[in-house]
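Visitor: Could you take me through a single part of this structure slowly, and explain how its residues are placed?

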Amino acid sequence: MSESTPTAYAVSPDSGEHWSAPGAWTVDDGVHRIPLPLPTDGLRAVNVYVLEGPDGLTLVDGGWAITEGRAALDAGLTALGFGFGDIRRFLVTHVHRDHYTLASVLGEEYAARVVLGVGDKPTLDLIHSDADGRPDRSTDRLLFEAGAQELAERWAALQHPPQDRSQWRYPDMWLDGDRPLEVAGRTLDAVHTPGHTQGHFVFADRPAGLLFAGDHVLPTITPSIGFEPVPVLSPLGDFMASLTKVRGLPDLRLLPAHGPIAPSSHARIDQLLAHHEHRLGLCLDALAPGPRTSLQVAAELPWTRHEHAFATLDLFNSVLACLETKAHLELLAARGDVTRVETEAGVLFSRA
């Protein structure tokens, strides 16, 4: 697949169809990809990977606990000759709803173990302690720090439906640090890759040459950075360090959560690192006129592969753009390329 092929048109080599086409597509001996629909999400689908083993099935990610997702997973497993009762465990790459909630529900119903990175525990803690249904209240504060007070007010005014906590039960096992996992007759290397979320893990099957990459390495897009219920100091620094860490593994076939499978993890990681260095340079250039907030810098940058102007983005993507720009500027500050000063109007960044 060409690097320029957008996700909306990408064909996956395992199916020969658009990557989100329903079915159970064989990736390797005993490994299958089942795309589950995300009907209200621009990503269109999430890939769940099924690993056959002597004791039953291990699934990497579980999907979103919606009727369409559950039905698609049921149909895919049936096509392979299995059912929900054959699932022994879910290895969930991170806590986002399109990866975690269906695993949580099915794990409870069928006594399948759910495994998650401990770095995502603060997010689950917020969901279980939040009284008003808004575990993302910290986004308001981050937007104020970005100088985006009006965006913060519009974001806070949105209707945030309360979380169904039965879909967010705590996992049966926390992953803490890199370690081997013996599952489905295989040894997978669980590799901690904070950035997209603090608890993100990828799973490397070195003998088979496969990388179950979650949202850490995506073949046609880069994951959101800096948009977490519990903020961290340098999410982009964490993400780029994690990319470099996974680049140190052998070159593996890339099995992403969104998009088609791809032949080389190394090639895509190199593209992602170059992309973010380019964006860091654009942010630095935007500070040439003098001190600016993250919002002011974001307004100077092009967005998406189509290079849309910031003013044309909807509310959700405007929030993502502001927080991602803030993450880039904070990394520049950590590198010593810019200075930051906290003011009542937000954090002002200046070239060092």
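Guide: What follows is a close look at the salt bridges around one strand. The model is predicted, and it holds 18 salt bridges. Side chains of opposite charge can pair when their charged atoms come close. Let us begin with Arg340, which forms a salt bridge with Glu330, where the closest N and O atoms are 2.9 Å apart. This pair links distant parts of the chain, since Arg340 belongs to strand 15 (residues 338–343) while Glu330 belongs to helix 9, the two being 10 residues apart. The partners also differ in how they meet the surroundings: Arg340 has a relative accessible area of 34% and is partly exposed, whereas Glu330, at 12% relative accessibility, counts as buried because the cut-off for buried is under 20%. Arg340 has another partner as well, for Glu342 forms a salt bridge with Arg340, with 3.4 Å between the closest N and O atoms. Glu342, in turn, is exposed, its relative accessible area being 63%. Taken further, salt bridges that share partners join Arg141, Glu145, Lys326, Glu330, Arg340 and Glu342 into one network.

For comparison, consider a salt bridge elsewhere, between Arg89 and Asp55, whose closest N and O atoms are 3.0 Å apart. Arg89 lies in strand 7 (residues 87–91) and Asp55 in the loop between strand 5 (45–53) and strand 6 (56–60), so this pair ties together parts that are 34 residues apart in sequence. Here Arg89 is buried, with a relative accessible area of 16%, while Asp55 is partly exposed at 36%.

How values were computed. Residues are numbered from 1 along each chain as its sequence is written. This is a predicted model: local features need pLDDT of at least 70, side-chain atom pairs count only at pLDDT 80 or more; totals for chains, interfaces and linings use all residues. Side-chain values use heavy atoms; hydrogens and water are left out. A salt bridge is a side-chain nitrogen of Lys or Arg within 4 Å of a carboxyl oxygen of Asp or Glu. Helices (H or I, at least four residues) and strands (E, at least two) are DSSP runs, numbered from the N terminus. Buried means under 20% relative accessible area, exposed over 50%, partly exposed in between (1.4 Å probe, protein chains only).
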